[in-house]
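Work through the exercises below with the sequence and the model side by side, and try each task before reading its solution.

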Amino acid sequence: MTDLQWETLSNQGVAAAGVVYFLALLAYAVQWATLRDVPVREAQRVGAGVGAAGPEPHDTVVADQDVVRSAERSDMFERLGLLLTGVAALAHLVALVGRGMAADPNRVPWGNMYEFTLSGTFVVVALFLATTRRWRLSWLGPVVVGFVLCVLLADVLWLYEPVAPLTEALESYWLVIHVVAAVIATGAFTLGAITSALYLLKARSTKETGYLARLPELPALDRISYRMHAFGFPVWTFGVLISGPIWAHQAWSSYWSWDPKEVWAFITWVVYAAYLHARATAGWRGRNAALLALVGAATLWFNFIGINFFSTSSQHSYANGAEVERSVVLRVATAPVETP
């Protein structure tokens, strides 16, 4: 395949992933809509085996049958949503592989912010799929898919860049080490932030029906959020405070140059360190921990994308790096030559 064909495949993969993510979101919406009018306690009562002690009135039996049918339809659409999410993730992966193969020479697909965001959203979905069976996280499906779909749409509309060779500073094996660690940690922190936001919403809700009512109990949400952050923090530490400075020294002859992206990465590290420290020593649980986790997520995503829009001095602003280099070369090539 030619480079152009690989790039076309990558773009088609992104489009296909977006369509299937949307179908998965519809499946999740139908899943939760089938139970929107069934109180949680009623569904649990039926699921536990109502009527074992003796006969029931006819209207109660009919009501229980309706609940059972609703639960069966909900389970079917939940499995369909998870299946479609997996298919979309495969298309997402094809888009990433095609993006790297489209470059000459072939490279990892992390040359600009479009590719970074494409990779970050894939990791969010991959972590969700990897942990959903072990931790029973299928209830996260509609929120995760909706978040990834919105970010992908913004990525295509506002961050898209044609395939181009890596800038000189990125031509290093440290690119793989540093970015893989940062993207994995970003995926874990994002899932933790989503869980923290759901914790706060459920804590304020008094309804016995609907999506929030069917989420796990508050202590379980708090525990899941903590596990996500506890996994992501050492990975972020390695990516930001170890591999990042080593790569910076190799590229710019300085371990730390107070670059805006370096500063915000450190701020993110401090916030998450405070989150874990507060839980371990001050006994922070619940609302306070969730709020601090959301502050960390805000600094994380501002560092991930916002720096490139609000800073003109960052050495990490690679979104338009190739275009800048080409414009410099063009100006040099067309500049008038002064003769002595």
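**Exercise 1.** Find which residues of the largest nonpolar core touch the most other members, and which helices supply the core.

*Solution.* The model is a predicted one, and its largest nonpolar core has 72 residues, of which Tyr21, Trp139, Leu140, Val144 and Trp236 touch the most other members. Next, turn to the helices: α1 (3-33), α3 (58-102), α4 (113-131), α5 (141-158), α6 (174-204), α7 (218-252), α8 (260-282) and α9 (287-310) each supply at least two residues of this core. The largest share, 14 residues, comes from α6. Finally, take Tyr21 as an example: leaving aside neighbours within four places in sequence, Tyr21 is in contact with Thr85, Ala88, Ala89, His92, Val125, Val145, Val148, Leu149 and Leu152.

**Exercise 2.** Decide whether Ser225 is buried or exposed, and list what Ser225 touches beyond four places in sequence.

*Solution.* Begin by locating Ser225 in helix α7. The relative accessible area of Ser225 is 4%, and because buried means under 20%, Ser225 is buried. Once residues up to four places away in sequence are set aside, Ser225 touches Gly192, Thr195, Ser196 and Tyr275.

**Exercise 3.** Identify the residues of the nonpolar surface patch, and classify Ile242 by accessibility.

*Solution.* The patch is formed by Phe238, Leu241, Ile242, Ile246, Tyr255, Phe266 and Val270, which together have about 570 Å² of accessible area. Two or more of these residues come from each of α7 and α8, and α7 gives the most, with 4 residues. Ile242, which lies in helix α7, has 41% relative accessibility and therefore counts as partly exposed.

How values were computed. Residues numbered from 1 in each chain as written. Predicted model: local features only at pLDDT ≥ 70, side-chain atom pairs only at ≥ 80, totals over all residues. Heavy atoms only, no water. Core = buried A, V, L, I, M, F, W, Y, C linked by side-chain atoms within 4.5 Å. Buried < 20%, exposed > 50% of the residue type's maximum accessible area, 1.4 Å probe, protein only. Contact = heavy atoms within 4.5 Å. Patch = residues over 30% accessible without salt bridge, like charges linked within 9 Å, V, L, I, M, F, W, Y side chains within 5 Å. Areas by Shrake-Rupley, 256 points an atom, 1.4 Å probe, with all protein chains shown as cover. Salt bridge = Lys/Arg side-chain N within 4 Å of Asp/Glu carboxyl O.
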